[in-house]
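Please open the structure in your viewer and keep the sequence panel beside it, so that you can select residues as you read. The stops below follow one another, and each begins with something to select.

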Amino acid sequence: MLATHPKRCFSSGRAGVFEALQGALDLLSLGTETHCLVGGFDTKVDTETLGDLVARNQLLGKTNPDGIIPGEGAGFILLGTPSIAHRVDSWGRVVANHVAQEAVSFEADTGAASPSLGLSAVFRSLRARVPFRVDEVVAGVTGQVYYGREFSHAYLRNDALMPEPLVCRPLGDVLGDVGAAAGAIALVRAVSRLKTFGSTAGCEHVLAYASSDGGRVGGCVVGPC
């Protein structure tokens, strides 16, 4: 039976899945649960949401070259304790996870450039616990300029963690803006990129992150079991 709790539901946008992931990791480490399902879903193509996006001129087009392409999606990951994971064909493990808050968010619309301190803090925390470069980055963000600059600043401050040469796969390039599903899909894609079941293709470690319009940012590194 699937059990949910208000304190385990996060409405913080694209990065919410990393808050949920941290909650799940805490439950597993305490032994409270042996399995946890983590994920997210959203749609921006329903009539009401599209109408609001049009009214606020948020869509990509002639009147807004920095707008979004609306999308929808869902993604879920089943987590288990190490003893459980070793008994099944696990795809990988969470090496490190961190969540932070950006002071100058996209939503704030102050006109000032974001210092990208939130995402920088996420990458810095991951770098402290991951003494090697990851092979790829999967970004749960749109193609808007704000998020490109945010990543550029955080990347330059944490070069030792990043792939060389840089490989970054933004979800917005292929799925548009999938809202709160972005972080979950980024996490699923990161896990699916790992070398699994004896395969020689794929990556050893992948960094997945997401950035919400309200400034919540989160990311994790996944690797082999």
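The model on your screen is a predicted one. Begin by selecting valine 138, which stands opposite alanine 208 in strand β6. Widen the selection to residues 136–140, which make up strand β4, and to residues 206–211, which make up β6; the two strands run parallel and are joined by 5 bridges.

Now move to valine 137, which stands opposite cysteine 168 in strand β5. Strand β5 covers residues 168–170, and its pairing with β4 is also in the parallel sense, over 3 bridges.

With β4 still selected, which residues lie on each of its two faces? Glu136, Val138 and Gly140 are on one side, Val137 and Ala139 are on the other, and all of them are buried. Strand β4 is therefore mostly covered, since 5 of its 5 residues are buried, that is, under 20% relative accessible area.

Next, add helix α5, residues 145–157, and follow the chain from β4 through this helix to β5, because these three elements make a right-handed β-α-β unit.

On the way you pass glutamine 144, which lies in the loop between β4 and α5. Is this residue buried or exposed? Glutamine 144 has a relative accessible area of 5%, so it counts as buried. Its side chain makes a polar contact of 2.6 Å with the side chain of threonine 142. If you leave aside the neighbours within four places in sequence, the residues in contact with glutamine 144 are Asp66, Gly67, Ile68 and Phe106.

Select helix α4, residues 117–129, as the next stop. Its 13 residues, at 1.5 Å a residue, should span 18 Å, and the end C-alpha atoms are 19 Å apart, which agrees. Among the buried residues of α4 are Leu119, Val122, Phe123 and Leu126. To see what the buried residues of this helix pack against, show β3 (93–101), α5, β6 and β7 (216–223).

The last part of the tour turns to charged side chains. Side chains of opposite charge can pair when their charged atoms come close. The structure holds 9 salt bridges, and a useful one to select is the pair of arginine 14 and aspartate 177, whose side chains meet at 3.3 Å, N to O. Arginine 14 lies in the segment before α1 (16–30) and aspartate 177 in the loop between α6 (172–175) and α7 (182–192), so this pair ties together parts that are 163 residues apart in sequence. Arginine 14 is buried, with a relative accessible area of 3%, and aspartate 177 is buried as well, with 4%.

Keep arginine 14 selected and add aspartate 213, since their side chains also meet in a salt bridge, at 2.8 Å, N to O. This pair links distant parts of the chain, for aspartate 213 is in the loop between β6 and β7, 199 residues apart from arginine 14 in the segment before α1. Aspartate 213 counts as partly exposed, at 25% relative accessibility. If you also select Lys44, you will have the whole network of salt bridges that links Arg14, Lys44, Asp177 and Asp213.

Finish with aspartate 159 and arginine 133, whose side chains meet in a salt bridge of 3.5 Å, N to O. Aspartate 159 lies in the loop between α5 and β5 and arginine 133 in the loop between α4 and β4, so the pair ties together parts that are 26 residues apart in sequence. Aspartate 159 is partly exposed, at 32% relative accessibility, and arginine 133 is partly exposed, at 36%.

Notes. Residues are numbered from 1 along each chain as its sequence is written. This is a predicted model: local features need pLDDT of at least 70, side-chain atom pairs count only at pLDDT 80 or more; totals for chains, interfaces and linings use all residues. Side-chain values use heavy atoms; hydrogens and water are left out. Buried means under 20% relative accessible area, exposed over 50%, partly exposed in between (1.4 Å probe, protein chains only). Helices (H or I, at least four residues) and strands (E, at least two) are DSSP runs, numbered from the N terminus. Two strands pair if DSSP finds at least two bridges between them. The expected span of a helix is 1.5 Å times one less than its number of residues. Contact means heavy atoms within 4.5 Å. A polar contact is a pair of N or O atoms within 3.5 Å; within protein, one must be able to donate a hydrogen and the other to accept it, and residues adjacent in sequence count only if both atoms are side-chain atoms. A salt bridge is a side-chain nitrogen of Lys or Arg within 4 Å of a carboxyl oxygen of Asp or Glu.
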